[in-house]
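Visitor: Hi, I have a new structure open and could use some company. Could you walk me through the helix packing and a few residues?

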Amino acid sequence: MTRRTRRAPARTRPAVDAAPRIDVVQSDTPTGTLGGFTALLESATQEILAVTYWFDPAPHPKPYPVTVRFSGRRVDVKGQLSSGDRFVQDETIEEVVPGSGPISLTTRVRGINPGSWVVTAHMLESAHPARRPREQENVTPAAAPLGPAARLWRRWAPDASSEEPVSTCLIPFARVPGIFPGIWGTMATLGIAVALALQSLVISADHLALGPWWTVALVAIAVGIVSAKVWFMVLHRHEHLVNGWCIQGFITGATLTAAILLVVLHVSAGVFLDATAPGLLAAMAVGRVGCFFAGCCGGPPTASGFGVWSSDQRVGARRIPTQLLESVLAGMLGLLVLVAVVGHGPAGGAFFVAGLAAYILGRQGILHLRAEPRKTRLGGLVTAALAALVLIAAVVWLAR
C-alpha cells in the first residue's frame, strides 16, 4: 500500500474567454533536493482558497464528463483590484457515474492574495466536441434530498452556492467534503498504540518481562516509519513526490531492525512474531479507517447500493469502500490470531506467518477494486500465489 494523495478522474483546466486567471508557478528544482524541500515548505505555508460545488448526475446511459467553472473575487480589498484579487478556474470530472447520488467537486486555488472571497460556480458546455452537443444537460445542481453523509459534509466545507464569503487558509487546514485534516497521522498513531497494547496483553499472558519486547517493538516502529518515507521517495523519485508513505518500506525496515535486535537482546524470534501479529493486524485495521477519511487508497465511484459516500480529496461521491473492506479484513484476522495465540500459546512464529499471509492474499483481491490502476497484473498474481502457498504451509505446520 502506498499512502499518497490521488485524484479521481478529474482535472483542472485553464479558463478561456473569461477574467484573468491566476496560474501557479512551480519550481523546477527536484523535490528530492534541498531546494525542493524549501519549495515544499513554502507551498505548505502558502494560503489557498478551497471551495466546493455540489450537483446531482441526471439519468444517462453511461458515464460522461462534467466541467465546472469557478470564479472568485476578493471582497476585503482596499483600493483597486490587482491580478491576485480575482480568478477563474475550470475543474473537469472525466467520468460522472449516473445514479451515484450527490457529487462534490472541490477546487483549490493557489497563487492568489489571502483574504475573504466571494466565489460562484456554474456548469460549462461539453469540453469534448466529438460527443453529443447537449451532453452537459445531463447534470443538474444538487436539488434532490441529500443523505446524512452528504448533508454533514455540505455543512463542513465552503459551498460555492452559498452567498457567504470564503476565507483563504493554509493547505493542511483546507476543508474538503469527506476529508478530515490530519486524520491519517492520528489514526496511524492510534493504531500503533493498539498494537503495543495487544502485544503487551499477549506477552503478559505468557508471563514474560515487557522490557526487551518493547525495546524491539519501539525501535522497529521508529525505523519502519523512516523506511516508509524513504521507500516512497525512492519509488516516486521521477515524479519528485515526498508527501506519502509505503507500507512495504515500513515492513522491510521494521522487520530488519527487529531481526537484529532480537539477536542482540536474546529474545525468541518466534515468540516475538506471534505476540506481535494480533497488534500488527489491528493497527492496519485502524490505519485503514484513517485512509478512508484522508481520501487515499479508495475505490472508483459507483451507483451500487454497496457504495459509501467518500472523497479522493477532490471529488466526493458514492464509492466502493476499499479502505473499509481492508480494515474489516485486517480486524477479523487480528481477532482470530489473538484468540489463537492466547488460547494456544506462541507457535514459533507460525501464527504471525499465517495471519500476514492471509491478509496479503485477501488484500490482493481488494486492490483490484481500487480506483488507482495497478502497474502490473503479473505482480499481483505472483504475490497472491506466494501468499497462498505460505498460508497453506503455516496451517499445515500448526495442524501437526
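Guide: Happy to. Let's begin with a pair of helices: H3 passes H4 in a right-handed crossing. Keep in mind that this is a predicted model.

Visitor: At what angle do H3 and H4 pack, and how far apart are their axes?

Guide: The angle between H3 and H4, the latter covering residues 211–235, is about 155 degrees, and the axes lie 11 Å apart. That angle is over 145 degrees, so H3 runs roughly antiparallel to H4.

Visitor: Which residues meet there?

Guide: From H3 you have Ile192, Leu196, Gln199, Ser200 and Ile203. On the H4 side they meet Trp213, Trp214, Ala217, Leu218, Ile221 and Ile225. By class, the contact of H3 with H4 has nine nonpolar residues, two polar ones and no charged ones.

Visitor: Ile225 caught my eye. Is that one buried, partly exposed or exposed?

Guide: Ile225, which sits in helix H4, counts as partly exposed because its relative accessibility is 34%.

Visitor: And what does Ile225 touch, leaving aside neighbours within four places in sequence?

Guide: Ile225 is in contact with Ile192, Trp245 and Phe250. For Phe250, the C-alpha atom is 5.7 Å from that of Ile225, while the two residues are 25 apart in sequence.

Visitor: What about Val219, which contacts does that one have beyond four places in sequence?

Guide: Val219 is in contact with Thr257 and Leu261. Val219 also belongs to helix H4 and is partly exposed, with a relative accessible area of 35%. If you want a C-alpha distance, Val219 and Ala254 are 8.1 Å apart, with their positions 35 residues apart in sequence.

Visitor: Back to H3. How does H3 pack with H6?

Guide: H3 and H6 pack at about 160 degrees with their axes 7 Å apart, and that makes H3 roughly antiparallel to H6. The crossing of H3 past H6 is right-handed. In that contact there are 21 nonpolar residues, six polar ones and no charged ones.

Visitor: And H7, is that one roughly parallel or antiparallel to H3?

Guide: H3, residues 183–205, and H7, residues 322–344, pack at an angle of about 20 degrees. With the angle under 35 degrees, H3 and H7 are therefore roughly parallel to each other. Their axes are 9 Å apart, and the crossing is right-handed.

Visitor: Who meets whom in that one?

Guide: Leu198, Leu201 and Val202 from H3 meet Leu338, Val341 and Val342 from H7. Those residues split into six nonpolar, no polar and no charged.

Visitor: Let's switch to the backbone. Which residues other than glycine have a positive phi?

Guide: Two that I can point to are His266, with a phi of about 60 degrees, and Gln313, with a phi near 85 degrees.

Visitor: Where are His266 and Gln313 found?

Guide: His266 is in the loop between helix H5 (247–264) and helix H6 (269–294). Gln313 is in the loop between strand E12 (308–311) and strand E13 (315–319).

Visitor: Are they buried or exposed?

Guide: His266 counts as exposed because its relative accessibility is 74%. Gln313 is buried, with a relative accessible area of 13%.

Visitor: I also clicked on Glu91. Buried or exposed?

Guide: Glu91 counts as buried, as its relative accessibility is 1%. You'll find Glu91 in strand E5, which covers residues 86–96. The C-alpha atoms of Glu91 and Leu105 are 7.8 Å apart, and these residues are 14 positions apart along the chain.

Visitor: Zooming out, how many helices and strands are there?

Guide: The protein has nine helices and 13 strands.

Visitor: And what share of the residues is buried?

Guide: Of the 400 residues in the protein, 46% are buried. The accessible surface comes to about 19,800 Å², and 66% of that belongs to carbon and sulfur atoms.

Visitor: Last one: what share of the contacts joins residues at least 24 apart in sequence?

Guide: Taking contacts between residues at least 6 apart in sequence, 75% join residues at least 24 apart.

Key. Residues are numbered from 1 along each chain as its sequence is written. This is a predicted model: local features need pLDDT of at least 70, side-chain atom pairs count only at pLDDT 80 or more; totals for chains, interfaces and linings use all residues. Side-chain values use heavy atoms; hydrogens and water are left out. Axes are lines fitted to C-alpha atoms, for helices over the stretch in contact, and angles run from 0 to 180 degrees between N-to-C directions. Helices (H or I, at least four residues) and strands (E, at least two) are DSSP runs, numbered from the N terminus. Angles under 35 degrees count as roughly parallel, over 145 as roughly antiparallel, 65 to 115 as roughly perpendicular and the rest as oblique. A crossing is left-handed if the near helix is turned anticlockwise from the far one by less than a right angle, and right-handed if clockwise. Contact means heavy atoms within 4.5 Å. Ala, Val, Leu, Ile, Met, Phe, Trp, Tyr, Cys and Pro count as nonpolar, Asp, Glu, Lys and Arg as charged, and the others, Gly among them, as polar. Buried means under 20% relative accessible area, exposed over 50%, partly exposed in between (1.4 Å probe, protein chains only). Accessible areas come from the Shrake-Rupley method with a 1.4 Å probe; for residues, only the protein chains shown count as cover.
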